[in-house]
Structures are given as C-alpha cells and as structure tokens.
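Got your viewer open? Let's take a short tour, one selection at a time.

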Amino acid sequence: MPFIKPIKKQPSSTLMDKKSQKCGLRCAVFSANGNVYTGEWQDDKKHGKGTQVWKKSGAIYEGDWKCGKPDGYGAYSVLLPKTKKHVRKYCGGWKNGKKHGYGTYFYDCSAVYEGEWSEDHRTGWGRMCYDNGDIYEGEWMKDKNNGQGIIRYVNGNWHEGTWRDGKKNGNGRFCYSNKGQLYEGIWVDGVAKCGTLSDFGRDAAPTPTQYPIPQVHLVDMQLVLREAQSAYLDQC
C-alpha cells in the first residue's frame with residue numbers, strides 16, 4: 001500500500017494573509033506587533049504611496065515605498081513623549097530605507113542640515129546651521145566637512161578653504177571681522193601653520209587693533225611663503 005504523506009495544515013493566519021492578496025491599495029494593514037500601514041502594495045510588499053505608524057516609538061513615515069522600504073520622497077516624524085505631539089525629523093529623498101539624495105534633517109536641538117545625503121550620511125553639498133548660530137556651507141563626506149566650504153561664525157568671523165575629516169586642512173582664509181584682519185595660508189588638522197596676516201576691513205571693524213599691520217618688504221614674498229609651506233608639508 002503506497003505511503004501518502006499527510007498534508008501539513010497551514011496556520012489560519014497564513015491562509016488569511018494569502019487571501020488578503022496584498023497588492024494595490026489597502027485601507028490599513030495591522031501587524032501583530034501593533035504597527036499600522038496604510039497605502040499601496042505590490043507582491044505582498046509596501047510599494048507606492050503609503051503611511052507607516054510604529055506603535056512602540058510612535059514614529060510616522062509618509063511617502064514613497066519600494067519593495068517594502070522607504071524609497072523616493074518621504075517625511076519621517078517622531079513622537080515627543082512629554083507633549084505627545086509629532087515633530088518632523090527628516091523630509092527628503094530616500095533609497096532602500098535610508099536617507100539618500102536631497103533632504104532636510106532637524107536635530108533634537110535647534111540645529112538643521114539641508115543638503116545631500118548618501119546611505120544615511122551627509123555626503124555631497126550641504127548647509128549646516130548649528131545650534132550656537134554658526135553656519136557651514138560646502139562639501140561633506142560621511143557626516144564630516146570634507147572638500148571646499150565656508151563657515152560663518154556667530155561673532156562675524158568666517159573661514160573659507162578646504163576641509164578634511166571635519167577640520168581645516170590645506171589652503172584657507174580666516175577673517176577676523178571684529179579686528180579687521182585676514183589670515184591667508186595653510187592649515188593642518190584645524191591649526192594655522194604658515195601664511196600671511198593683513199588688514200582687511202579694518203576701518204569698519206568694531207574692535208580694530210591699535211596700529212595697522214606694517215607692509216612686508218621682500219623682493220618675492222610669495223616665493224618665501226611657498227618655500228615655507230613646502231618645508232612644513234614635507235615634514236607631515
């Protein structure tokens with residue numbers, strides 16, 4: 001007598017899930033953990049326009065989905081435990097569930113970043129407004145100032161030049177607006193190493209130095225400066 005393998009009975013939840021045929025627009029789908037998704041589906045995955053609400057954190061994502069993950073344009077908001085109100089954290093581009101493209105991120109303090117992202121990191125061009133009032137505008141690489149950029153300090157001073165790993169590195173200009181002086185030279189890991197200091201807007205400065213900076217009398221000042229910079233870089 002042939003042996004007939006008994007058919008394994010599937011759980012009722014699995015059968016109901018198959019019958020639901022999650023494809024196209026659905027009013028709302030409730031997960032076992034309490035999360036709620038309302039929107040479009042494709043091949044049993046969130047795909048298209050939709051809104052996800054996470055029960056545990058109270059966070060909300062509203063926007064585009066692709067293959068079950070935020071992808072396209074969308075906004076992510078979090079729930080404040082004390083006020084029970086939602087506040088916007090990020091609004092912009094997504095790819096494969098991560099911040100990607102152009103978007104704006106609001107930090108817990110008053111700091112705001114607006115610019116380009118890559119795989120959840122500030123990468124590319126961006127503008128960062130810090131909570132103390134300083135503003136950096138320029139290039140980024142994995143959440144650090146990297147490349148060309150300018151930072152304007154709340155006291156009126158500013159620095160323009162190249163950056164690496166979040167620090168001033170390479171050629172740059174630092175303007176002491178309060179004193180009316182300008183430093184131009186080379187920087188290494190945030191420290192000025194070799195350059196020139198000259199008067200710059202001294203007449204309009206709020207607290208200028210008592211005497212102007214005297215003129216340098218050299219036959220070729222730039223040659224001397226280049227040799228000094230080259231000698232220092234050779235030691236690094």
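In which strand is Thr104 found? Select residues 98-106 and you have it: that stretch is strand β7, and Thr104 is part of it. Keep in mind as you click around that this is a predicted model.

Stay on Thr104 for a moment. Is it buried or exposed? Its relative accessibility is 17%, and because the cut-off for buried is under 20%, Thr104 counts as buried. Now show its neighbours, skipping residues up to four places away in sequence: Thr104 touches Lys89, Tyr90, Cys91, Val112, Tyr113 and Glu114.

Two of those contacts, Tyr90 and Tyr113, take us to the next stop. Select Tyr90, Tyr113, Trp117, Met128, Tyr136 and Trp140: of the 16 residues in the largest nonpolar core, these touch the most other members. Want to colour the elements behind this core? Those giving two or more residues to it are β2 (36-42), β4 (60-66), β6 (86-95), β8 (112-118) and β10 (135-141).

Next, pick Tyr136 from that group. Leaving out residues up to four places away in sequence, its contacts include Met128, Tyr130, Ile150, Ile151 and Trp163.

Ile151 leads to the last stop, since you'll find it again among the residues that Asn157 touches. Where does Asn157 lie? Look in the loop between β11 (144-152) and β12 (158-164). Despite the loop address, Asn157 is buried, with a relative accessible area of 8%. Other residues it touches include Phe174, Cys175 and Tyr176. Finally, zoom in on Ser177: its backbone nitrogen lies 2.9 Å from a polar atom of the Asn157 side chain.

Notes
Residues are numbered from 1 along each chain as its sequence is written. This is a predicted model: local features need pLDDT of at least 70, side-chain atom pairs count only at pLDDT 80 or more; totals for chains, interfaces and linings use all residues. Side-chain values use heavy atoms; hydrogens and water are left out. Helices (H or I, at least four residues) and strands (E, at least two) are DSSP runs, numbered from the N terminus. Buried means under 20% relative accessible area, exposed over 50%, partly exposed in between (1.4 Å probe, protein chains only). Contact means heavy atoms within 4.5 Å. A nonpolar core is a set of buried Ala, Val, Leu, Ile, Met, Phe, Trp, Tyr and Cys residues joined through side-chain atoms within 4.5 Å. A polar contact is a pair of N or O atoms within 3.5 Å; within protein, one must be able to donate a hydrogen and the other to accept it, and residues adjacent in sequence count only if both atoms are side-chain atoms.
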